[in-house]
Amino acid sequence: MRYWIVRLGSIAAAVLFAFIIERLAGGFDAFGQRLVVLAGLYVTLAVSLNLINGITGQFSIGHAAFYQVGAYTTGYMAMRFYDASPIKGEAWLICMMFVGALFASVAGFVVGLPSLRLRGDYLAIVTLGFGEILRIVVQNIETLGGAYGMNVTPKFQYIWLVWLLAFVTIAVSRNLLQAAHGLPFLAVREDEVASSAMGVNVTKTKLVAFLLGSAFAGAAGALLAHFEGFISPQMFDMNVSFIILTMVVLGGTGSITGSVLAAISLYYLPEKLRDLPPVSAASLIAGVLAVGLCVAFLKNVEMRYHGPKVKRAAIMVGGIIGAIVVQGVLARMLGNVSALADQSYEASKLRMVIFAGTLIILMLLRPQGVLAHYEFSWDGVKRMLGMKRKVATA
């Protein structure tokens, strides 16, 4: 009884939270609403890829292909059948999410079945090749708009539905890990040979993860097509696959919470960098030097200091504060150099450099990802607040 009460309560909370996001985003302009929608779609994509890469331990880098299958399936269905269909509005969009998920999972099955006996780099090359082949094929089919793309009508801009899909993806992945059905996924991730020896059907487990991940990506593609009202092959190139993979690795492979946080952060960071004021050459050089010194200091502390964690954290915070001070002093000193005094750079042109530099720094300091395998849980919050004692294990 308690099981069903908790599950029904979670569903009600997810629906309520999705509508709250829709209500809050309603006060934004069109650009702000688009950012909220795309952030929700990237959460779905990152968590669904994490199901394949992080939880099952595969190395797929062609996730944009399944995103594209869902988008183009929906676009084609809308073009051919929407006017004559008795289903309209939200009902049509929900149906298209299932259709997009179905076709994307079929694509996942087609590419997954013969290639899931491969491991590591070989599987990565196959999935990347599949994504590029699919994009080029679509680019040369005139019925789908070719290289010019396809108009998708009508447009449905339901923000709550985008975030509800994200919550469903998170819930399915989370419950899969906590149930007995998820143990084979973790076993395959840790050691394929040992799990096979214990009776786990490795190929079947990989295939199920691939089908689930591709289905969620296809549903996200369906929402994207109707939200944007236009899709083109360039929207699903390998850069999209790489940024989704970066979200998974940066958040921590195997951590659903990390994927969600990384998806939101990495999507918003390049957009927020557009708002930065122009940066002087002196400040830029001083910033690069200070960051380099700070990273070297933090790595040295991490490798050589083995004292109490609290003291180590205090030393690291002191190092970061020291780097900020050094940056300010160096910027003032370099500002007196005549060759640097009048030079400045627009932050919008440097944003991708800053973005890439941030990723490099985070990977140097935290190669296992920000959250590694840790997950958010209410029990963890209770333990942090002292409301629940940690159970001692033998």
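**Exercise 1. Decide whether A46 is buried or exposed, and list what surrounds it.**

Solution. Begin with the accessibility: A46 has a relative accessible area of 0%, so it counts as buried, where buried means under 20% relative accessible area, exposed over 50%, and partly exposed in between, with a 1.4 Å probe and protein chains only. The model used here is predicted, so local features need pLDDT of at least 70 and side-chain atom pairs count only at pLDDT 80 or more, while totals for chains, interfaces and linings use all residues. Residues are numbered from 1 along each chain as its sequence is written, and side-chain values use heavy atoms, with hydrogens and water left out.

Next, place the residue: A46 is found in helix α2, helices (H or I, at least four residues) and strands (E, at least two) being DSSP runs numbered from the N terminus. Then look for partners: apart from neighbours within four places in sequence, A46 is in contact with I244, M247, V248, S259 and A263, contact meaning heavy atoms within 4.5 Å. Finally, consider V326, which lies 280 residues from A46 in sequence and 37 Å from it in space, C-alpha to C-alpha.

**Exercise 2. Find which helix gives the largest share of the largest nonpolar core.**

Solution. First identify the core, which has 84 residues, with L41, Y42, F66, Y67, W163, L223 and I231 making the most contacts inside it; a nonpolar core is a set of buried Ala, Val, Leu, Ile, Met, Phe, Trp, Tyr and Cys residues joined through side-chain atoms within 4.5 Å. Helix α2 (residues 30-55) supplies the largest share, 15 residues.

Now follow one of these residues outward: L223 touches L41, L93, M97, L161, V162 and L165, if residues up to four places away in sequence are not counted. Of these, V162 lies in helix α6 and is buried, because its relative accessible area is 3%. With neighbours within four places in sequence set aside, V162 is in contact with V37, G40, L41, T44 and L223.

**Exercise 3. Describe how helix α3 and helix α10 pack.**

Solution. Two packed helices are described by the angle between their axes and the distance between the axes. Helix α3 (residues 63-81) and helix α10 (residues 238-251) pack at an angle of about 120 degrees, with axes 7 Å apart; axes are lines fitted to C-alpha atoms, for helices over the stretch in contact, and angles run from 0 to 180 degrees between N-to-C directions. At the residue level, H63, A64 and Y67 in α3 meet V240, S241 and I244 in α10. The residues of this contact divide into 4 nonpolar, 2 polar and no charged, where Ala, Val, Leu, Ile, Met, Phe, Trp, Tyr, Cys and Pro count as nonpolar, Asp, Glu, Lys and Arg as charged, and the others, Gly among them, as polar.

**Exercise 4. Work out the surroundings of W92.**

Solution. W92 lies in helix α4 (residues 89-115) and counts as buried, because its relative accessibility is 4%. Leaving aside neighbours within four places in sequence, its contacts are M77, A78, F81, Y82, S85, I87, F156 and H226. As for F156, the C-alpha atoms of W92 and F156 are separated by 9.6 Å, although the two are 64 residues apart along the chain.

**Exercise 5. Locate P154 and describe the peptide bond that joins T153 and P154.**

Solution. P154 is placed in the loop between β1 (150-151) and α6 (159-178). The bond joining T153 and P154 is a cis peptide bond, with omega about -5 degrees.
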